[in-house]
Amino acid sequence: MRKTPFMLGCLAAVLLATTAHAKTLVYCSEGSPEGFDPALYTAGTTFNASSRPVYNRLAEFERGTTKIIPGIAESWTASADGLEYTFNLRPGVKFHTTDFFTPTRDLNADDVIFSFARQLDKNHPWHSYTEGTAWEYFDGMDMGNLIKEIVKVDDMTVKFVLNKPESPTVANLAMDFASIMSKEYADQLEAAGKQADLNQKPVGTGPFQFVAYQKDAVIRYKANAEYWGGKQPIDDLVFAITTDRSVAMQKLKAGECQVAPYPNPADLPDLKADSNLTVMEQEGLNVGYLAYNTTVAPFDNVNVRKALNMAINKQAILDTVFQGAGVAAKNPIPPTMWSYNDAIQDDPYDPVAAKKMLEEAGVSGLKMKIWAMPVARPYNPNARRMAEVIQADFAAVGVEAEITTYEWGEYLKLSREVGRDGAVLLGWTGDNGDPDNFLSVLLSCSAVGGNNRAQWCNKDFDALLEKAKQSSDQAERTKLYEDAQVIFKREAPWATIAHSVVFMPMSNKVVGYKMDPLGSHRFDGVDLAE
């Protein structure tokens, strides 16, 4: 049943009423998480609900920055040849005590090894523990070929032995997929035959612990009183799932939630004029794109992809969808990221040339699908509207496009399929500040069938990425990534659409919130003024 704004408003009111004695922050989340085991997914919506409140990692990103700081590892060392990383675990880190699990010990090396071994070892009992298990990030980053072994030195020391040096290793281990799970909890679930609960009832070491989830409606958390970083100022954290961003902004203005991301650009003037609100903004480390399936005709023809790119009026998209809060994208990484190749020329908007190129490629009467996301994202505030603009542009060159969509989790799942028809609107916000997090994760051969929605595999492109990962010289890595962007632009697996400015409206009562350049929404360190 579709939930009306009234119902959602009542839900938030009930939640506030039931926790009136405590300090409660309500976050109007834009969508439902796919699950609560972050290693299975790559979507920011899912990470915001799982890895960020509930879990920790060996290393973390300092709030509001891309600086790497100690997490549950209080220190680490790397060997001179870059093939061994030794992590010294923080003593006294406690897992959450919940209605469904009571830990008998603190975090130790067994938990770290379990968290990665299940992704690394195809014979591990937890490698395929739930239907459709896919370790998207781990596999997309080719971690299986990178990691030779993970060694338990002692209870509080873990060593990662690599097959080859890889420059962003520690930054990668600070990412959401590398969240540390409780082996003791997993063992309990396995013994009870309830392994799927690992993805539905999460237990971590993070600043907030999971209380309950009502699908597509609300997620409740409470502050972890035993958090190694200290109890949070917020007692109760509520995610009120509100997919309609206009409704979310109404709830924000009415005080039913205190933070609401991804406003419609048209709502910004009204939000900024409200004296009870603050609207933060920053240039996003993101890219929005349209990914062709390069394995399916006629999109396997680079000239067809180039022609379609030339048919798209990006300025019209910037005007109607972003309303000025974005810039046209020509590369698969944002201009704020090191190694961005500004010398590359974008495909011009030229429908006459596009139509001629399609004719020369022997393509006429082409019918295709454009997949439009059902949720607002930082790189695309309104995918349906964007799809409509592209649909009209394609019609002008004789291409008939049908717009299709699915529920968000299903959209992400189905769009990965290698034989998928049509072109998919998606995007990415960087997870660790390294160009590899865009180029390898989204476009490498190892990411085909996962985050590489174009299903594009180019050996020359891959060779440049591999060489860049093995170098610790940023100047050398920059040149290699610049060359990789040249190949990407020449082969056109995507139409690069836009890089957005990200806006974050919130109540004036919110204290200490920091916008994250990596696009996450974190509530550790956040308070509410009385």
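Are Asp434 and Arg477 buried or exposed? Both Asp434 and Arg477 are buried, and the two residues also form a salt bridge with each other. This briefing concerns a predicted model. It describes two disulfides, a strand that is largely enclosed by the rest of the structure, and several of the 33 salt bridges found in a search of the whole structure.

**Disulfides**

- The structure holds two disulfides. When the bonded cysteines of the protein are numbered in sequence order, the pairing reads 1-2, 3-4.
- One disulfide is formed by Cys28 and Cys257, with 2.5 Å between their sulfur atoms. This pair links distant parts of the chain, 229 residues apart.
- Cys28 is placed in the loop between strand 1 (24–27) and helix 2 (44–49). Cys257 is placed in the loop between helix 9 (245–253) and helix 10 (268–273).
- The link of Cys28 and Cys257 is left-handed, with -105° about the S-S bond.
- Cys28 has a relative accessible area of 0%, so the residue is buried. Cys257 also counts as buried, because its relative accessibility is 1% and the cut-off for buried is under 20%.
- The other disulfide joins Cys445 and Cys457, whose sulfur atoms lie 2.0 Å apart. The torsion about this S-S bond is about 90°, and the disulfide is therefore right-handed.
- Both Cys445 and Cys457 lie in the loop between helix 16 (436–443) and helix 17 (459–470), so the pair ties together parts that are 12 residues apart in sequence.
- Cys445 is buried, with a relative accessible area of 16%, whereas Cys457 is partly exposed, with a relative accessible area of 40%.

**Strand 17 and its partners**

- Strand 17 covers residues 494–507, and 13 of its 14 residues are buried. The strand is therefore largely enclosed by the rest of the structure.
- Strand 11 (residues 277–283) runs antiparallel to strand 17 and is joined to it by seven bridges. Within this pairing, Glu281 stands opposite Phe503 of strand 17.
- Strand 12 (residues 286–291) is likewise antiparallel to strand 17, and four bridges join the two. Here the bridge partner of Gly288 in strand 17 is Ala498.
- Strand 13 (residues 326–328) pairs with strand 17 in the antiparallel sense over three bridges. Ala328 stands opposite Ala498 in strand 17.
- Ala498 thus appears in two of these pairings, as the partner of Gly288 and as the residue opposite Ala328.
- As background, the side chains in a regular strand alternate between the two faces of the sheet.

**Salt bridges**

- A search of the whole structure finds 33 salt bridges. Three of them are described here, including the pair of Asp434 and Arg477.
- Glu136 forms a salt bridge with Arg416, and the closest N and O atoms are 2.4 Å apart. This pair links distant parts of the chain, 280 residues apart.
- Glu136 belongs to helix 5 (residues 136–140), while Arg416 lies in the loop between helix 15 (408–415) and strand 16 (423–429).
- Glu136 counts as buried at 6% relative accessibility, and Arg416 counts as buried at 14%.
- The side chains of Lys489 and Asp346 meet in a salt bridge, with 2.8 Å from N to O. Lys489 lies in helix 18 (residues 474–491) and Asp346 in the loop between strand 13 and helix 13 (351–360), so the pair ties together parts that are 143 residues apart in sequence.
- Lys489 counts as buried at 9% relative accessibility. Asp346 is partly exposed, with a relative accessible area of 28%.
- Lys489 and Asp346 also belong to a network of salt bridges that links them with Lys306, Lys314 and Asp347.
- In the salt bridge of Asp434 and Arg477, the closest N and O atoms are 3.0 Å apart. Asp434 lies in the loop between strand 16 and helix 16 and Arg477 in helix 18, so the pair ties together parts that are 43 residues apart in sequence.

Methods
Residues are numbered from 1 along each chain as its sequence is written. This is a predicted model: local features need pLDDT of at least 70, side-chain atom pairs count only at pLDDT 80 or more; totals for chains, interfaces and linings use all residues. Side-chain values use heavy atoms; hydrogens and water are left out. A disulfide is a pair of cysteine sulfur atoms within 2.5 Å. Buried means under 20% relative accessible area, exposed over 50%, partly exposed in between (1.4 Å probe, protein chains only). Two strands pair if DSSP finds at least two bridges between them. A salt bridge is a side-chain nitrogen of Lys or Arg within 4 Å of a carboxyl oxygen of Asp or Glu.
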